Amino acid sequence: MKFIKMQGCGNDYVFINKVDLSATSDISNLARSLSKYHFGIGSDGLVVYSCDSINSFSMEIYNKDGSIGNTCGNALRCLGWLFTNYHYTNRNTFVIKTRTNTTTVYSSEDKIKVDMGEFECQSLSYHLHVNDEIYNLCLFDIGNPHAILFVDNLDTFDFENLAPAISNHSDFVGNINVEIVEVIDEDNIRMRVYERGSNETLSCGTGACAAAIAAIRLKGLNHYVNVLTPGGTLIVEYVEHLNRVYLSGDVKVVFEGEYYEN
């Protein structure tokens, strides 16, 4: 089957058109197989997309462990680029339906901006007990659930142990995505992310949005935030009076080819 591998700030996915899948394909198993480095293509997961019309598309996202994802900001940006540059549409504005919402995409040259829609702030001060310590989290839902923890120094924080402990905590049914965030100044934050179903990834679009909004509300940042991740910089714009958040940044095609199922 034909595929395209793309990445947005290091958050890499394999993209397959649904028409290229057989009716009997086990997509969860396929996601696990092709996400493996050395034995597959290697990625954070699989995105299966459909073309409903010239300005309306849909996507299904599968994490690298085969579990089904709700949405993904970076995958949406990648698809926006793909639909524009591979001539699925001749429009600069179109919509992509995900499992949880319908997202508007704005395409301009190599920059793709997506309207991540309305979000739910569940708590700006959620106390979680982990390993005999209490951590003060911000909880958001932007199509995916997120827990944000602000720290003074991202480099010295015990990410490898504490991020998965928070993600898999019994308080969060189905687990939760975790963003560890350091505020740099009124326009910039640093972030590392642990995603349920994929472990640590180089960036996360919905996580960047949640972290930026939390920083705006709690730390007084401006409404246009640069989110610095290990994979690159994402730009989050928060329009408060509309309760909406926009995500933009670069996307790249890594390679394309054919994958042969075993």
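Here is a friendly conversation about a predicted model and how its features earn their names.

Me: What makes aspartate 12 and lysine 5 a salt bridge?

Reply: Look at the distance. Their side chains come to 3.2 Å, N to O. The cut-off is 4 Å between a side-chain nitrogen of Lys or Arg and a carboxyl oxygen of Asp or Glu, so a pair at 3.2 Å qualifies. It is one of 8 salt bridges found in the whole structure.

Me: How do you know whether aspartate 12 is buried or exposed?

Reply: Buried means under 20% relative accessible area. Aspartate 12 has 7%, so it counts as buried. Lysine 5 also has a relative accessible area of 7%, and therefore it is buried too.

Me: Why does the pair of lysine 113 and glutamate 237 count as a salt bridge?

Reply: Their closest N and O atoms are 3.8 Å apart. That is within 4 Å, so the name applies.

Me: What does this pair tie together?

Reply: Lysine 113 lies in strand β8 (residues 111-118), while glutamate 237 lies in strand β16 (residues 232-239). The pair therefore ties together parts that are 124 residues apart in sequence.

Me: Why is lysine 113 called partly exposed?

Reply: Its relative accessible area is 30%. Partly exposed covers the range between under 20% and over 50%, so 30% belongs there. Glutamate 237, at 27%, counts as partly exposed for the same kind of reason.

Me: What else does lysine 113 do, and which ring does it lie over?

Reply: Lysine 113 lies over the face of tyrosine 106, at 5.8 Å from the ring centre. The distance limit is 6 Å, so 5.8 Å passes that part of the test.

Me: What makes glutamate 160 and arginine 192 a salt bridge?

Reply: The closest N and O atoms of this pair are 3.1 Å apart, and that is within 4 Å, so the pair qualifies. The bridge links distant parts of the chain: glutamate 160 sits in helix α3 (residues 159-167) and arginine 192 in strand β13 (residues 188-195), 32 residues apart.

Me: How do you know which of these partners is buried and which is exposed?

Reply: Glutamate 160 is at 53% relative accessibility, and over 50% means exposed. Arginine 192 has 18%, which is under 20%, so arginine 192 is buried. Arginine 192 also lies over the face of phenylalanine 159, at 4.1 Å from the ring centre.

Me: Why is the pair of tyrosine 49 and tyrosine 88 called edge-to-face?

Reply: A pair of aromatic rings is described by the distance of the centres and the angle of the planes. For tyrosine 49 and tyrosine 88, the centres are 5.9 Å apart and the planes are at 90 degrees. The centres lie within 6.5 Å, so the rings pair, and an angle over 60 degrees makes the pair edge-to-face.

Me: Where do tyrosine 49 and tyrosine 88 sit in the chain?

Reply: Tyrosine 49 is in strand β3 (residues 45-53), and tyrosine 88 is in the loop between α2 (73-85) and β6 (93-97), 39 residues apart. Tyrosine 49 is buried at 4%, whereas tyrosine 88 is partly exposed at 27%.

Me: What makes phenylalanine 57 and phenylalanine 94 an edge-to-face pair?

Reply: Their rings are 5.5 Å centre to centre, with 80 degrees between the planes. Since 80 is over 60, the pair is edge-to-face. Phenylalanine 57 has a relative accessible area of 0% and is buried; phenylalanine 94 is buried as well, with 2%. Both belong to one aromatic cluster, formed by Tyr49, Phe57, Phe83, Tyr88 and Phe94.

Me: How do you know that the buried residues of α1 are on the same side?

Reply: The buried residues in helix α1 (residues 27-35) include Ile27, Leu30, Ala31, Leu34 and Ser35. They cover an arc of only 115 degrees around the axis, which puts them on the same side of α1. An α-helix has 3.6 residues a turn, so residues three or four places apart point the same way.

Me: What covers the buried residues of α1?

Reply: The cover includes β2 (11-17), β3 and β4.

Definitions and conventions
Residues are numbered from 1 along each chain as its sequence is written. This is a predicted model: local features need pLDDT of at least 70, side-chain atom pairs count only at pLDDT 80 or more; totals for chains, interfaces and linings use all residues. Side-chain values use heavy atoms; hydrogens and water are left out. Buried means under 20% relative accessible area, exposed over 50%, partly exposed in between (1.4 Å probe, protein chains only). Helices (H or I, at least four residues) and strands (E, at least two) are DSSP runs, numbered from the N terminus. Rings of Phe, Tyr and Trp (its six-membered ring) pair if their centres lie within 6.5 Å; planes under 30 degrees apart count as stacked, over 60 as edge-to-face and the rest as tilted. A charge sits over a ring if NZ of Lys or CZ of Arg is within 6 Å of the ring centre and within 35 degrees of the ring normal. The arc is that of the directions from the helix axis to the C-beta atoms. Contact means heavy atoms within 4.5 Å.
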